[in-house]
Amino acid sequence: MDQALLIRLLEAVTVSGNEEAGQEIALEYGKCFAHAQRTDAVGNAFSVVNPDAARRVLLCAHMDEIGFRVTHICEDGMLRVQKAGGVRAGLYVGSPMQVVHECVEDGRAVRRRVCGVGVVTDELLKKGDVADGDLFIDIGAANRAEAAAVVSVGDSACADTRVRELLNRRVTARALDDKAGAFVILEAARLAAGRGASCGIVVNTCAGEETTGRGAYFAGAQTRPDCAVVVDVTWASDCPGGDPGSNGEVRLGGGPVLCHSGMVDKRMNRRLAQIAAEKGISLQYEVAAGRTYTDGDTLLKTGPGVPVALVSIPLRYMHSSVEIASLDDLQACIELIAEFLLRMDGGFDDPAPMP
Ligand SMILES: [Zn+2]
């Protein structure tokens, strides 16, 4: 797998609603395997293998990440923000931050990165329930005019992190949720195409999962796939605060996680389990008695209804700037999904009785 791609995706700022920087990377990379590519009105980016095939599998992983949008530039040059997605605002007190300023220069849209910090005060450090409205970002500006020359209301902000490798082929970064998933679907499609897959493979790095769900809805409505595989992250239970009794026992490095849920198609799960057994890929299981809180919930309800499987990547410290995932899990997810695609010509109906 191409780790340079993973790093590029992780270091692009793609706060929900402003996913373009990541979509450009996905489309550029997709050229190495896709026969067709397109974008749509809501910010999705599609790379398609075998666009004229009779059967189509939609692969979805969301490109957007949690973060903030600038709401106000104060007289003293400080920035106020509103959260985009499920951020825990207290984590940004004393954190290195970055703002991405979007503007038009010479008729071209450009993005400029501005460094800053999440302001620290004794009051905020003592506060148990810090809200997004409590935060200030200090970019070093002396006053409002200076800040307004480089930042606009509506610009994205997020933690300023780099990808770092830990022991045991584990990596830490912000936004592994769900750039890790975007990486997996791009690599799985590349692998399957290289091995001669003949079904249609529609790779969509989805927009807006963390806020509006708009990307998945329109991806399903436009593509009308025979089935969809959604790749997202899930809570690892093997760390402080983890509880195997809440959603299932999920270990980092333990392999792809399939989901027992009313939202997930049992035939697809059986097919994936069969492939994993044949390929020696260890699987784990989680439970979502209701919704899965992924794009799968939205996709399922598009068009005449779409059979969905959820392949999740174990993740520690989700929705923080120090998420941790295992490269071995990413590789296993890629292998599993690529093999699923290679076996899609006959569909996924199997003769086994319903359990
Ligand atoms: Zn996610």
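The following conversation goes through several labels used for this predicted model and the values behind them.

Biologist: How do you know how confident the predictor is in this protein?

Modeller: The pLDDT averages 95 over the protein, and 98% of the residues score at least 70, on a scale that runs from 0 to 100. Residues 351-355 have a pLDDT below 50, and beyond near neighbours in sequence this stretch has six contacts in the model.

Biologist: What makes an atom a donor to the zinc ion, and which residues coordinate the ion?

Modeller: A nitrogen, oxygen or sulphur atom counts as a donor here if it lies within 2.8 Å of the metal. The zinc ion is coordinated at 2.0 to 2.7 Å by NE2 of His62, by an OD atom of Asp177 and, with two entries, by OD atoms of Asp232, so these distances fall within the cut-off.

Biologist: Why is the site of the zinc ion called irregular?

Modeller: The angles among its four donor atoms run from 51 to 146°. A tetrahedral site needs all angles between 85 and 135 degrees, and a square planar site needs opposite donors over 155 degrees apart; the angles of this site meet neither condition, and therefore the site is irregular.

Biologist: What makes His62 and Asp177 a pair that ties together separate parts of the chain?

Modeller: His62 lies in strand 3 and Asp177 in helix 5, so the pair joins parts that are 115 residues apart in sequence. His62 and Asp177 are both buried.

Biologist: Asp177 also begins a peptide bond to Asp178; what makes that bond worth a remark?

Modeller: The bond from Asp177 to Asp178 is cis, with omega near 5°, and Asp178 is found in helix 5. Most peptide bonds are trans.

Biologist: Why is Glu19 called buried, and what does its side chain meet?

Modeller: Glu19 has 3% relative accessibility, and because buried means under 20%, Glu19 counts as buried. Glu19 is found in the loop between helix 1 and helix 2. A polar atom of its side chain lies 2.9 Å from the backbone nitrogen of Gly208, and the side chain of Glu19 also makes a polar contact with the side chain of Arg214, at 3.3 Å; the cut-off for such a contact is 3.5 Å.

Biologist: Arg224 and His319 are both in loops; what makes their phi values stand out?

Modeller: Phi is near 45° in Arg224 and near 60° in His319, and each is a positive value in a residue other than glycine. Most residues other than glycine have a negative phi.

Biologist: Are Arg224 and His319 buried or exposed, and how do you know?

Modeller: Arg224 has a relative accessible area of 47%, which lies between 20% and 50%, so Arg224 is partly exposed. His319 has 15%, which is under 20%, and is therefore buried.

Biologist: How do you know that strand 2 pairs with strand 1 and with strand 12?

Modeller: Pairing requires at least two bridges. Strand 1 and strand 2 pair in the antiparallel sense over four bridges, with Arg38 opposite Phe46, while five bridges join strand 2 to strand 12, also antiparallel, with Val48 opposite Val202. Both faces of strand 2 are covered, with Ala45, Ser47 and Val49 buried on one side and Phe46 and Val48 on the other.

Biologist: What makes strand 10 and strand 17 edge strands?

Modeller: Three strands form an open antiparallel sheet in the order 10-11-17, and strand 10 and strand 17 each pair on one side only.

Key:
Residues numbered from 1 in each chain as written. Predicted model: local features only at pLDDT ≥ 70, side-chain atom pairs only at ≥ 80, totals over all residues. Heavy atoms only, no water. Donors = N, O, S within 2.8 Å, 3.2 Å for Na, K, Ca; no water. Tetrahedral: all angles 85-135°; square planar, octahedral: opposite > 155°, others 65-115°. Helix = DSSP H or I, 4+ residues; strand = E, 2+ residues; numbered from the N terminus. Buried < 20%, exposed > 50% of the residue type's maximum accessible area, 1.4 Å probe, protein only. Contact = heavy atoms within 4.5 Å. Polar contact = N/O pair within 3.5 Å; in protein donor to acceptor, adjacent residues only side chain to side chain.
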